[in-house]
Amino acid sequence: MKEFSSHQIQTAETAEQFRGIAFTFDLCPVEKEPGFDEPLISLLVEHQIPATFFVSGRWAARHEVQLRKLLAVPFFEFGTHGYLHAHLPQLDQHLQRQEIKTAVTLLREYFGRQTNLFRPPFGEYDELTLKLLDELDLRLVLWDVVSRDPDSTLSPEHIIRTVTRKTRPGSIIIFHANGKGKHTKGVIQNVLSELTEIRGLLPVTVSELLKRRDEAIIKH
């Protein structure tokens, strides 16, 4: 598996057809420790794979050491994922704001990392959510490829087939890095080989991907 340099990313950004894809990893709260997929992170670091992590406030509060380790990696970026991982459409305005803003504040004030990327828990949101995100200057980030890696009934082969079949240039793929994906590391190894070495796609952060999308919209 090859490593990815900043030069490769910059070159791809200026190419006529951008072939970037974003690997994203949710850090949802967990009942049992360790709640952190150390082998997966080691793989991403070893091969310098850009990745975006969406951090739940409760997870961050319980995994300070692990989060600080992630924050030290220069090619990782971060968004928030609510505080308690609540169903936002079931909450009133006050509680929705609290669920969204508390995690942002924790990441900024305690861990020193500002972010404007937000992924709603369960991918659920409503018009109130959008209004609050606009007020808080946050950008909604969903996905178009679902790995379903926490599902223990799925084989690694099934997950690999699903991800490789559905991924296209510009895709945002969702995985988990909180230890709930039994096969996540092995899946990532296989998926990276297929998507990057065979199909020529390039892992980038979500911010890089959205930047290119925005530029394409303005251009056309």
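Visitor: How does Q48 count by its relative accessible area, buried or exposed or something between?
Guide: The model here is a predicted one. The relative accessible area of Q48 is 31%. Buried requires under 20% and exposed requires over 50%. With 31%, Q48 therefore falls between these limits and is partly exposed.

Visitor: Where is Q48 found?
Guide: Q48 is not part of a helix or a strand but of a loop. The elements on either side of that loop are α2 and β2, the latter covering 51-55. Q48 is thus found in the loop between α2 and β2.

Visitor: What is the phi of Q48?
Guide: Most residues other than glycine have a negative phi. Q48 is a residue other than glycine, yet its phi is positive. The value is near 55°.

Visitor: What is the phi of F122?
Guide: F122 lies in the loop between β4 (117-118) and α6. With a relative accessible area of 43%, F122 is partly exposed. Its phi is also positive in a residue other than glycine, and the value is near 65°.

Visitor: At what angle do α2 and α8 pack, and what does that make them?
Guide: Helix α2 covers residues 38-46 and helix α8 covers residues 184-198, and their axes are 8 Å apart. The angle between them is about 25°. Angles under 35 degrees count as roughly parallel. At this angle α2 and α8 are therefore roughly parallel.

Visitor: How many residues in the contact of α2 with α8 are nonpolar?
Guide: On the α2 side the contact has P39, L40, L43 and L44, and on the α8 side it has T184, K185, I188 and Q189. Two of these residues are polar and one is charged. The nonpolar ones number five.

Visitor: Which residues of α8 meet α7?
Guide: Helix α7 (residues 156-166) comes within 10 Å of α8, axis to axis, and the two cross at roughly 35°. The crossing is right-handed. From α7 the contact takes P156, I159, I160, V163 and T164. From α8 it takes V187, N190, V191, E194 and L195.

Visitor: How many residues in the contact of α7 with α8 are nonpolar?
Guide: The contact includes two polar residues and one charged residue. The nonpolar residues in it number seven.

Visitor: How are α5 and α6 set relative to each other?
Guide: The axes of α5 (residues 93-109) and α6 (residues 127-135) come within 10 Å. They cross at roughly 50°, and the crossing is right-handed. An angle of 65 to 115 degrees would count as roughly perpendicular and one under 35 degrees as roughly parallel. The angle here fits neither range, so α5 and α6 are oblique.

Visitor: How many charged residues are in the contact of α5 with α6?
Guide: Q93, Q96, R97 and I100 of α5 touch L128, T129, K131, L132, L133 and E135 of α6. Four residues of this contact are nonpolar and three are polar. The charged ones number three.

Visitor: What kind of aromatic pair do F25 and F175 form?
Guide: The model has eight aromatic pairs. In the pair of F25 and F175, the ring centres are 5.8 Å apart and the planes are at 25°. Planes under 30 degrees apart count as stacked. The pair of F25 and F175 is stacked.

Visitor: How many residues apart are F25 and F175?
Guide: F25 is in strand β1 (residues 20-27), and F175 is in strand β7 (residues 172-176). F25 is buried at 0% relative accessibility, and F175 is buried at 0% too. Along the chain, the separation between F25 and F175 is 150 residues.

Visitor: Which residues form one aromatic cluster with F25 and F175?
Guide: The stacked pair of F25 and F175 belongs to one aromatic cluster. The other members of that cluster are F23, F53, F75, F76 and F78.

Visitor: What is the distance between the C-alpha atoms of N116 and S207?
Guide: N116 is in the loop between α5 and β4, and it is partly exposed at 39% relative accessibility. N116 touches D137, L138 and R139, leaving aside residues up to four places away in sequence. N116 and S207 are 91 residues apart along the chain, and their C-alpha atoms are separated by 9.7 Å.

Technical notes. Residues are numbered from 1 along each chain as its sequence is written. This is a predicted model: local features need pLDDT of at least 70, side-chain atom pairs count only at pLDDT 80 or more; totals for chains, interfaces and linings use all residues. Side-chain values use heavy atoms; hydrogens and water are left out. Axes are lines fitted to C-alpha atoms, for helices over the stretch in contact, and angles run from 0 to 180 degrees between N-to-C directions. Helices (H or I, at least four residues) and strands (E, at least two) are DSSP runs, numbered from the N terminus. Angles under 35 degrees count as roughly parallel, over 145 as roughly antiparallel, 65 to 115 as roughly perpendicular and the rest as oblique. A crossing is left-handed if the near helix is turned anticlockwise from the far one by less than a right angle, and right-handed if clockwise. Contact means heavy atoms within 4.5 Å. Ala, Val, Leu, Ile, Met, Phe, Trp, Tyr, Cys and Pro count as nonpolar, Asp, Glu, Lys and Arg as charged, and the others, Gly among them, as polar. Rings of Phe, Tyr and Trp (its six-membered ring) pair if their centres lie within 6.5 Å; planes under 30 degrees apart count as stacked, over 60 as edge-to-face and the rest as tilted. Buried means under 20% relative accessible area, exposed over 50%, partly exposed in between (1.4 Å probe, protein chains only).
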